[in-house]
Amino acid sequence: MSQRELVVLGTASQVPTRHRNHNGYLLRWDGEGLLFDPGEGTQRQMLRAGVSATQLTRIAVTHFHGDHSLGLAGVIQRINLDRVPHPVDVYFPASGEVYFERLRHATAFHETAVLRPRPIEEPGPLPAPGARFALEAVRLSHPVESFGYRLSEPDGRRLVPERLAALGIAGPDTGRLQHQGAIEVDGRRVTLEEVSEPRPGQRFAFVMDTRLCEGVYELAERADLLVVEATFSDADAGLAEDHGHLTAGQAAKVAAETGVRTLVLTHFSQRYPDLGQHLADARKHFDGPIVLAEDLARVPVPPRHK
């Protein structure tokens, strides 16, 4: 059975706290492991969460502020130490390539793995060899160049058991119908469309440091799981705007207006020892499931729409 879940490795913003590590988020998507924004301490958090380097297939960095990227050096060296047998794609803003190279070669180590840098020049589709999903980058609004990421599964079709039974289709014939698109049943041609219904592909969106902008809405559109920064409470909206961040209420309002199913708020400022106000701000706008992210939490991607 496929596994799709978010493993939260860290949830702090600029400064880690006693209870919150710098950023780090692993998306398990079937056989893939996508690591987003590995901040300082990510390698240790992976160990605590039971995540191995061999599970990583792609790394995506939104921007080159330290709390989103200083963990790259350790993660890259661990990938090589463990001799990860498959290539690992690394996505990041091309304007920060000098920082990527510095982190990649921060200290001496023996390179044994294949790392494929994928610098992003412009927003749009990203190369994702071997993936069973589409990956795209969308520009955000922050003091340094920043991109958010969206993963989209292709739409498909879901077999309807009652329709199959009514036509006497079972066993190997079901597989042939799915593979071929049509089969002969008692002298009649039956198409896949007759015994199935549309199944929307799932979507995951990752939105980190940004002011409210069109890119936030574009990324969040119809996301089954939206991971979004909520650095400030609504009372500090002025600070959020000045420093290029979102409030909890802003993030929730976007989720409500774009049809998000589950909202994960994270990247909390150290000024808030309690997040009760964040939740209250978000609840004013979004009535779906809201997760205030905690380090080492696991958040399942909601089941497909029925």
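The following dialogue examines how terms are assigned in a predicted model of one protein chain.

Colleague: What rules govern the numbering and the values?

Modeller: Residues are numbered from 1 along each chain as its sequence is written, and side-chain values use heavy atoms, with hydrogens and water left out. As the model is predicted, local features need pLDDT of at least 70 and side-chain atom pairs count only at pLDDT 80 or more, while totals for chains, interfaces and linings use all residues.

Colleague: What is the mean pLDDT of the protein chain, and where is confidence lowest and highest?

Modeller: On pLDDT, the predictor's confidence in each residue from 0 to 100, the chain has a mean of 96, and 99% of its residues reach 70 or more. Confidence is lowest in strand E10 (residues 156-159), at a mean of 88, and highest in strand E4 (residues 58-60), at 99. Helices (H or I, at least four residues) and strands (E, at least two) are DSSP runs, numbered from the N terminus.

Colleague: Why is the contact between Glu 5 and Arg 298 called a salt bridge?

Modeller: The term requires a side-chain nitrogen of Lys or Arg within 4 Å of a carboxyl oxygen of Asp or Glu. The N to O distance between Glu 5 and Arg 298 is 2.9 Å, so the pair is a salt bridge by this definition. The pair links distant parts of the chain, with Glu 5 in strand E1 (residues 4-10) and Arg 298 in strand E18 (residues 298-300), 293 residues apart. By this rule the count comes to 22 salt bridges.

Colleague: Why is Glu 5 classed as buried and Arg 298 as partly exposed?

Modeller: Buried means under 20% relative accessible area, exposed over 50%, and partly exposed in between (1.4 Å probe, protein chains only). Glu 5 has a relative accessible area of 12% and is therefore buried, whereas Arg 298, at 40%, is therefore partly exposed.

Colleague: What makes Glu 294 and Arg 20 a salt bridge, and which parts of the chain does the pair link?

Modeller: Their closest N and O atoms are 3.2 Å apart, so the pair satisfies the limit. The pair links distant parts of the chain: Glu 294 lies in the loop between strand E17 (290-292) and E18, and Arg 20 in the loop between E1 and strand E2 (24-29), 274 residues apart. Glu 294 is partly exposed because its relative accessible area is 41%, and Arg 20 is buried because its value is 13%.

Colleague: Which residues do shared salt-bridge partners join into one network?

Modeller: Before the network, one further pair deserves mention: Glu 145 and Arg 139 form a salt bridge with closest N and O atoms 2.5 Å apart. The network itself joins Glu 32, Arg 58, Asp 89, Arg 116 and Arg 118 through salt bridges that share partners.

Colleague: How many aromatic pairs does the structure hold, and why is the pair of Phe 36 and Phe 204 called tilted?

Modeller: The structure holds 7 aromatic pairs. Rings of Phe, Tyr and Trp (its six-membered ring) pair if their centres lie within 6.5 Å; planes under 30 degrees apart count as stacked, over 60 as edge-to-face and the rest as tilted. The rings of Phe 36 and Phe 204 have centres 5.6 Å apart and planes at 40°, so this pair is tilted. Phe 36 lies in strand E3 (residues 32-36) and Phe 204 in strand E14 (residues 203-207), so the pair ties together parts that are 168 residues apart in sequence. Phe 36 and Phe 204 are buried.

Colleague: What makes the pair of Phe 92 and Phe 100 stacked?

Modeller: Their ring centres are 4.3 Å apart and their planes lie at 15°, so the pair is stacked. Both Phe 92 and Phe 100 are buried. Elsewhere, ring pairs link Tyr 25, Phe 36, Tyr 149, Phe 204 and Phe 206 into a cluster.

Colleague: Which residues of helix H3 are buried?

Modeller: In helix H3 (residues 72-81), the buried residues are Leu 72, Ala 73, Val 75, Ile 76, Ile 79 and Asn 80. Just after H3, Arg 83 takes a positive phi of about 50°.
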